[in-house]
Amino acid sequence: MAEAHQAVGFRPSLTSDAGEVELSAPMLQEIYLSGLRSWKRHLSRFWNDFLTGVFPASPLSWLFLFSAIQLAWFLQLDPSLGLMEKIKELLPDWGGQHHRLRGVLAAALFASCLWGALIFTLHVALRLLLSYHGWLLQPHGATSSRTKTWLALVRIFSGRHPMLFSYQRSLPRQPVPSVQDTVRKYLESVRPVLSDEDFDWTAALAREFLRLQASLLQWYLQLKSWWASNYVSDWWEEFVYLRSRNSLMVNSNYYMMDFLYVTPTPVQAARAGNAVHALLLYRHRLNRQEILPYEKIFNTTRIPGVHKDHIRHLRDSRHVAVFHRGRFFRVGTHTQSGLLSPRALEQQFQRILDDPSPACPHEEHLAALTAAPRDVWAQVRRSLKTQAQEALEAVEGAAFFVSLDSEPAGLTREDPAASLDAYAHALLAGRGHDRWFDKSFSLIVFSNGKLGLSVEHSWADCPISGHMWEFTLATECFQLGYAADGHCKGHPDLSLPQPQRLHWDLPDKIHLSISLALRGAKTLSGNIDCHVFPFSHFGKSFIKRWHLSSDSFIQMALQLAYFRDRGQFCLTYESTMTRLFLEGRTETVRSCTREACNFVRAMEDKEKTDPQCLALFRLAVDKHQALLKAAMSGQGVDRHLFALYIVSQFLHLQSPFLDQVHSEQWQLATSQIPVQQIHLFDVHSYPDYVSSGGGFGPADDHGYGVSYIFMGDDVITFHISSKKSSTRTDSHRLGQHIEDALLDVAALFQEGQRLKRRGLGEDDSGHSRDSLPCHTRGSRAPTTATNF
């Protein structure tokens, strides 16, 4: 998602004019520190690590084993084959009366050793099993006997009722790919977008890199992969995110939308109450390690630094920070008896909405500082921490940030297209001063009850926050629900104290900084062109009918749409997950392949027949699937090249090839928003109650950011962004090209079906085409607004 912008813009600040290359002590130190950080994370959650470390066994299994050994000993059987007697001899002699105690201790030590050996064996077996990725390479719907056997063994060894980190110690480490394979795949990926001359020059740089520098850099990466949990993830977080000095707004954050067609209640405070309660229920389950995603969702803030930010995560927080009409409040979420009910939370939010007190001077625009360049905000924050430490701590130490907006948002019947665009813009940037962009996420509640999230990217990737958002929407709507009058169910708690108004003692020297930050935030916000449209002609069910990957189908349509928009091909960034590995995050799928370009050219060539285009389309889809599976299994291109580049910077080793790779621009950044918990939604009975996805800013000043989500079986929602300052891009124009491209591709299959029927001698004149889009290749699709 937004990581494409950060990946292009990062500057490691490690270069030096020194030309001498050595086996750098700082490089070895950095590898040592990477491993140290991994071990510190394990030590910080010792008890949970103990429980997950023994998984799939449990402490009760040790007790059972110990009891069995004691029973055997009582029956004068020695299951240890003499080892317990040896252990007793090594124990101190405390006198005859403690002889029985020595026997119990010997049995406990033997049971512990045997238990540990069995657990170690289970972990090794499970890690070997999870290292198998052959199932990724099999055709859709086909499962080999080898994979079936593998799946059965995984179920046997994985135990029941795993917790959040139960498989951490069993996950394999992300492999370091062969540098020769990575360079070969890279050259293959850039061939479609480079001229012959430029490609020959790049290939020469690659050959020089393999001959002179690759082996040394690869050696360091192999060393790190053996010592640290993951050879790339910690550097990705640090150099791509935390060392970036750009504004977080638009450049790094992304947003998640509410239900598209329905709003469960128009009462703003009630929607906030249920949503906050649902989010904190999710946190409760997360703390108990009952759910899958990530530990840093809550109680987390990105703290600005002059050269590098850091992530501050608290073990717990019993309040949320709330912003309304330029004022900040601290709202407690718990009492001594536990989490506040949704009705009690609604009452607290309503008190804030009813509070007539005005904002203090400059308080209204204070949050614009979090949208400023990071080094500027870091310097101002030092003064702010001295003058308003309590208020700052209340915001940064909150479970999350809540913005009660004074304006409505969401889809309207009067102007559906414009209203959705405004909704997306409000979530991505707001007014530049009404979001605390440093928080892990901000919950935005509009005056008409519509919801949304603004998410900071460094702590985790979209599937993590998406998992939480699905749970929140399903819980607040279907489980908590609302009374007939739109309020939360239950009764208010009049004994609760009023929400605490935060007071900021802002020194005069900060006033100018706030004004400058606000001006920059408004400029950046005003330059973003957002466009959201639901494509309702067909959806995932139509694509699956042709035994195709729905993601690959969309990616090929995006290639066709971009070519029609710009008249050329470009490097395309598609984010995918590497969660099959310990501490894995993301990898890039380079979707603009030679096969995709051949398909696009055929579609634009009127002499090519539909069967020819269809054959090329299937080849392009197969190639994209191969790249996707390679990326998911740790054999991608970009993270490996990124890590090699970081090592070269630590060693002060200049590599023209890696510099060339790093300078690339991603003019089309794409991402699919996955629906991970479909069991929470009844899409057949309530098809409108599905999240409409989210979006992010463009990765390049002259590029596009495109995300998409499959809403149920028959709708695909697209989120497009670009910059108004660019004369080359137009989000609405690309949206129209995407719609045309999807209908054109669907027409290929429709025509193929018609020809197949004719070849079989069937009369297709009576067949219904209601389930297929009626469209002729190259014709103009209806405007987006008519789809509503």
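**Entry 1, a buried pair.** I looked up Glu476 and Arg271 and found both buried (under 20% relative accessible area with a 1.4 Å probe, protein chains only; exposed is over 50%, partly exposed in between). Their side chains meet in a salt bridge at 2.7 Å, N to O (a side-chain nitrogen of Lys or Arg within 4 Å of a carboxyl oxygen of Asp or Glu). Glu476 belongs to helix 17 (residues 462-480) and Arg271 to helix 12 (residues 268-287), so the pair ties together parts 205 residues apart in sequence. Helices (H or I, at least four residues) and strands (E, at least two) are DSSP runs, numbered from the N terminus.

**Entry 2, basis.** I note that this is a predicted model, in which local features need pLDDT of at least 70 and side-chain atom pairs count only at pLDDT 80 or more, while totals for chains, interfaces and linings use all residues. Residues are numbered from 1 along each chain as its sequence is written, and side-chain values use heavy atoms, with hydrogens and water left out.

**Entry 3, other salt bridges.** I searched the whole structure and obtained 33 salt bridges. Asp309 and Arg245 form one at 2.9 Å, N to O. Asp309 is buried, at 1% relative accessible area. I also find Arg245 and Asp309 in a salt-bridge network with Arg302, Arg374, Asp438 and Glu456.

**Entry 4, cores.** I looked up the largest nonpolar core (buried Ala, Val, Leu, Ile, Met, Phe, Trp, Tyr and Cys residues joined through side-chain atoms within 4.5 Å) and found 121 residues, with Trp235, Phe400, Leu443 and Phe657 having the most contacts inside it. A second, separate core has 47 residues, including Phe542 and Leu743.
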